[in-house]
Amino acid sequence: MALLPAQKPEWWKSAVVYQIYPSSFADSNGDGIGDLRGIIEKLPYIKSLGADVIWLCPHWASPGVDNGYDVSSYEAINPQFGTMQDNEDLLRAAHEQGLKVMFDLVVNHTSDQHEWFQASRSSRDDDRSDWFIWRDAIVDPKDGSRREPNNWASVWGGSAWTWDEKRGQYFFHIFSPQQPDLNWESGTLRNEVYEMAKRWKARGVDGWRLDAINFISKPQRLDASGRRLQGDFPDAPIVDSEAKYQDATKLYVHGPKVHQCLKELYKEALGPDTMTVGEAWGTTPEQSIAYTAWETREDRELQMVFSTEHVDLYGGLSPAPHTAPDHSKMRQTIATWQSSLISHGSWLSTFVSNHDLPRAIPNFLGPQAEGPEWRVKAAKLLALFQASQSGTLFVYQGEELGMTNVPHEWDIDQYRDLLSLDFYKNELAARRAKLGDPSAKVDMSDVMGGIRRKARDNSRTPFPWNGSLPTGGFSPANSQTRPWMPLNPDFAEGQGNINAASQSSDPNSVLNFWKRALALRKANPVLVYGTFKMHEVEQILPKDASEEDKSRAHKSVYAYERVLGDKKALYLGNWGFEEVRLDLTRVEVDESKEAALATQNASGHLLGPLEARLYLLEA
């Protein structure tokens, strides 16, 4: 059988990418914040895991309003992480280890402290005046009061427009007011972005994760003199009659010129030898194909995107009670993405964790799974699941240890992320307003429950390198400075031993299982390039299965095969907490055959709770 175009081998397709959140990875100088020198020291650890690429979240100069995603200079390193020399040394050391390096390219917006924005707001006649999105106020003819150019809500709450007294106009921001959006309609701005990317490529950067890249094009219409035309930033539909500002994501996600901009970015700055993955929230498989049809057209854009449908199944910050994971929806989502992209000449990314998500174990399997009885089994099950998926594999720091969400006992003062803090503040204000008392004591336990389940800080706690108190090797032993945010206490001996040192010496640890899974993936191209087929649950159940057995299996069993030439791989996973009985002969597996890799048992018809196996077969 002839290979599909997308099955053409490329280094970036088979790569394993290890994502680093710099402030929480390794503190080399004892100031409580991770840094570039700390990353350099830990490169051998990353290499030993089986990674090929490191991806660093933003470490450019930044005021830190959004943990570095508010860039104040693309040509300087944030002093808390080090210097340009440290950055140069990191690139060189990584390359010497055989690791490629990917940076975060944050070009939907900058910090309001960036010199580009300061110049743009200084005068409407400045050369960079149109590098950001400015609009006049709408003035009420009756009383002369002003209001925003439209009713769009910011992702962070409130209006997406902020008034600037100096320029006498509103500027637009999808995120916080300290993160004004760049104007990709400006040719001079685009050229400066391209030149900046090329300068970093010359310094040794091998790839980019493009932040919020499907947000860069907005519905703008101005005439030659800058006057607004019909269709320029139209009002969003009213979906919440009680809210002053409305959700406008449908008007700017995958905006009108986004593909035109990305084609130009590829042509002018990226090219085929640069690894690219676009953060593309709210992307369907069809939309993803439009960005990533790499092998079937010449006007290329991105190699892959981070689609979020599988993680969006589990909701966001909310005081609503936890609901059990719906594995039937998850199976359908995974099957759709895994089977559709390759057949259309596109590639995809595979991940379950990153810096914007809670830890994967409770997120995908529920809070029960992170308890001491289940955590190791759950972590191994998710590891084998990812290692057997097509697409470039992304592993987030700590995932290879089976790290968990922060403790239930944490109060809001122990969180650092703007999104969680604003959510809490707004909920508190709304409840006090309802009571008519701005200082009333309010029960916020349900809100804290939602934050505990979904807060981004769950994945941002400092990395535990060993079990020693007080910082688990994250900072030097003689450091007198507390880490920038508390460690999850389960790193310590007697509290869980979730740290790299203890797991390195334990052959049955999550860490060593990850190493075996990644080695198996690298040794078997079928796990990277093979076609995908999800089996119906009935196809693997005994013919005499009871209705109860069938119901349990539908709620928990994943079974899919990968085929490449004469090679086949079969994944079986029980994502539930009860044993299930299968009939392996129905998927051409003899009961006595041992799996190539298994989380618990290696053979037999019974699949235990949170057990997964991967069989390598002849097609």
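Buried residues are those under 20% relative accessible area, exposed ones are over 50%, and partly exposed ones fall in between (1.4 Å probe, protein chains only). The model examined here is predicted, so local features need pLDDT of at least 70 and side-chain atom pairs count only at pLDDT 80 or more, while totals for chains, interfaces and linings use all residues. Residues are numbered from 1 along each chain as its sequence is written, and side-chain values use heavy atoms, with hydrogens and water left out.

A helix makes a friendly starting point. In helix α9 (residues 285-292; helices are DSSP runs of H or I with at least four residues, strands are runs of E with at least two, numbered from the N terminus), the buried residues are Pro-285, Ser-288, Ile-289, Tyr-291 and Thr-292. Viewed down the axis of α9, these buried residues fall within an arc of 160 degrees (taken from the directions from the helix axis to the C-beta atoms), so they line one face of the helix. Their cover includes α8 (258-270), β13 (304-306), α10 (309-312) and α11 (327-343).

Attention turns next to the nonpolar cores, defined as sets of buried Ala, Val, Leu, Ile, Met, Phe, Trp, Tyr and Cys residues joined through side-chain atoms within 4.5 Å. The largest has 147 residues, and Tyr-18, Ile-46, Ile-54, Trp-208, Phe-364 and Tyr-571 have the most contacts inside it. Helix α13 (residues 375-387) supplies the largest share of this core, 8 residues. Domain 1 (5-109 + 187-218 + 244-357 + 392-401) and domain 2 (535-618) both contribute residues, so this core lies between them; the domain bounds come from an automatic or database domain assignment. Apart from this core lies another of 19 residues, including Val-537, Ala-545, Val-580 and Val-587.

Strand β15 (residues 392-396) is largely enclosed by the rest of the structure, because 5 of its 5 residues are buried. Thr-392, Phe-394 and Tyr-396 are buried on one side, and Leu-393 and Val-395 on the other. Strand β1 (residues 16-20) pairs with β15 in the parallel sense over 4 bridges, pairing requiring at least two DSSP bridges; Val-17 has Phe-394 as its bridge partner. Strand β14 (residues 349-350) also runs parallel to β15, joined by 2 bridges, with Ser-349 partnered by Thr-392.

Finally, Asn-499 sits in the loop between α15 (445-454) and α16 (500-504), where Asn-499 is buried with a relative accessible area of 2%. A polar atom of the Asn-499 side chain lies 2.9 Å from the backbone nitrogen of Ser-502.

Definitions and conventions. Contact = heavy atoms within 4.5 Å. Polar contact = N/O pair within 3.5 Å; in protein donor to acceptor, adjacent residues only side chain to side chain.
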